[in-house]
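Biologist: Could we go through this structure together, one question at a time, with each term explained as it comes up?

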Amino acid sequence: MHIIVNCVSKYHLCNRGIPVVIFHPRPFLVNSYMPIIRVEHLVKRFGNLTAVNDISFEVEEGTIFGFLGPNGAGKTTTINILCTLLSPTSGRALIYGHDCTTKSPEVRKSIGIVFQDSTLDKDLTAYENLIFHAYLYNVNKNERKQRIEDALRFVDLYDRRNDLVKKFSGGMKRRLEVARGLIHRPKVLFLDEPTLGLDPQTRANLWEFIVALPKKHQVTIFMTTHYMEEAEVCDRIAIIDKGKIIALDTPENLKKTVGGDVIYLRTTDNLTARQEIEKLFHVEVSEQDGELFLTSLKGDACIPEIIRAMGETVVSVRLQRPTLNDVFLKMTGKEIRAEGVSSGDTIKEEVRSYRRRFGRG
Amino acid sequence: MVEGNAIYVLVAREFKKFIREKSRLVSTLARPLIWLFLVGGGMSRLVSPGMGIVSPGMGISYMQFIFPGILGMTILFSAIFSSISIIWDKEFGLMKEILVAPVSRLSIVLGKALSGTIISVIQAAIILALFPFLGIKLGVLSIIEALVICTLLSFCIASLGIVIATFYESFESFSVIMNFIVMPMFFLSGAMYPVKMLPPILQLLTRINPFTYGIDALKHAIFGAEGVFDFPLFMDLGVLVVTSVVFVIIAGLLFEKRK
């Protein structure tokens, strides 16, 4: 909205008093490059554990920015700092030019959040949850009802508005939370693992809905996920692992870094096969879970050659077009989910026990 | 610094939930009734007015004597429970929604404290209405006085509850709070026996317990000038007001602190 207002015209009075319209050159570019989120050398330690280790990035207004990484990589900690729940150990985070630590009231006004775990009051109805939010954010009395009804219609829950939230399914709750996060018209909407624990059908629907948000509500989206497929809807992605950003680019560019298609190959003797392929084709071959893999710019043409060369030792071959998972695999040498569960949970447990020992989080 | 809209909606939420959960009201009222009639009734047989528990010649039975204490108990339990529901909110997430809202931490504390106050005063008023069944005579002014004291005491205990709640992250700590804070506060308050009768060490503990002064003020309101109370009324009220302010400030600061 405001971009248009800015670029249409500015009246300047000349000495004769005639208003002159001054058009700014390339107003869109001038105005649109304003990072709405800016993070500089952010570090967060919990005791000995470094959850976020010197990360920096910027998010452009009106885009979808994805924070991608395994559980425990530091995604939620970063969100918690950005939404003023945690203070950084060092470095700083700015939203709309306001420092998240020192100017938290201004930051809080301009953000909406959908946390990983539901933060709805299950003993209140959908409508009451939204009214609660509207009062907390001091939404104008005349607009309150209208905005809530619009939000409920937007997420398709208007008919269920007077039902207690505890009767809602996981997908309905998540949708209600997104609706709630938009009621006060935030500039940035944070979505922390928005599809966690939802069935595939609901996930797909929710994505369709999220992707439409920036245009419909003039909002910038900052989301985290550990589902690689989901991150593909983002305009830009930061891949984070062990508290560090290891890549930051558009999904297309990230996929290009993998260097083409990936060929997975099972053989009767992986060690020999690996050496042979490396020798014959001058490519690097790696092994993961008993499967060899290599990248090739023209995978479909490469497969017959490999099979001809390796003969009967090949047990199975599959070709994969690059995905973000491959990007992650290439950058860290491990699958995003294999790492996930165990170590992520320990970190969560560590943070939790740290908070228990040192008071609130 | 203090946002009326936020305080209003925090109170409205608690109130709505309180009205909705009839079983909660029944169970919180059951406790004081059991104490009043079963414990008080039984003990009345043991403790006759002449036996020194209550100063001789005052003409009040043990059951009447503990009435202010039971009123206080109603408040103590419901105000503490209401406040430590913050721990519940922390564990089930709603607290995060409140904490990321553009609302001062002081407003959150006040909203929570006032929620606890209103709910406790409603319950205390129900118990107070039992006075005719205990053979106690109360004028309109005494009833109003008692209700004002109930309000002050509720606010004080509710804000103490918030301070306690900021130290805990999960509801596992619930029994710790019950056994090490709530029960001692109740027994070391003169609710069940006059403070003067306790051994010196316990008397000292009684005196640093703000709850004691609430009970004492209620004794003033209910028995008038019959000498059942231990401290002057202005002192009781002073302690309640000062500790309330202190608890609210501490709670506000603890809420403000971020890890």
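Biologist: Is helix 10 of chain B largely enclosed by the rest of the structure or left open, and how many of its residues are buried?

Modeller: This is a predicted model, in which local features need pLDDT of at least 70 and side-chain atom pairs count only at pLDDT 80 or more, while totals for chains, interfaces and linings use all residues. Residues are numbered from 1 along each chain as its sequence is written, and chains are lettered from A and ligands numbered from 1 in the order in which they are written. A residue is buried if 20 or more other C-beta atoms, placed from the backbone, lie within 10 Å of its own, exposed if 12 or fewer do, and partly exposed in between. Helix 10 of chain B is largely enclosed by the rest of the structure, because the buried residues number 14 of the 14.

Biologist: How far apart are the end C-alpha atoms of helix 10 of chain B?

Modeller: Helices (H or I, at least four residues) and strands (E, at least two) are DSSP runs numbered from the N terminus, and the expected span of a helix is 1.5 Å times one less than its number of residues. For the 14 residues of this helix, 210-223, that rule gives 20 Å, and the model agrees, with the end C-alpha atoms apart by 20 Å.

Biologist: Is A:Lys242 buried or partly exposed?

Modeller: A:Lys242 lies in the loop between strand 11 (236-241) and strand 12 (244-249) of chain A, and its phi is positive, near 50°, although the residue is not glycine. Most residues other than glycine have a negative phi. Since A:Lys242 has 18 C-beta neighbours inside 10 Å, it counts as partly exposed.

Biologist: Which strands stand at the edges of the open sheet of four strands in chain A?

Modeller: Two strands pair if DSSP finds at least two bridges between them, and here the pairing is antiparallel, in the order 14-15-13-16. Each edge strand has a single partner strand, so one side of each is left without a neighbour in the sheet; these are strand 14 (286-288) and strand 16 (314-320) of chain A.

Biologist: Which residue stands opposite A:Val262?

Modeller: Strand 13 (residues 261-267) and strand 15 (residues 291-296) of chain A run antiparallel and are joined by five bridges. Opposite A:Val262, in strand 15 of chain A, stands A:Thr295.
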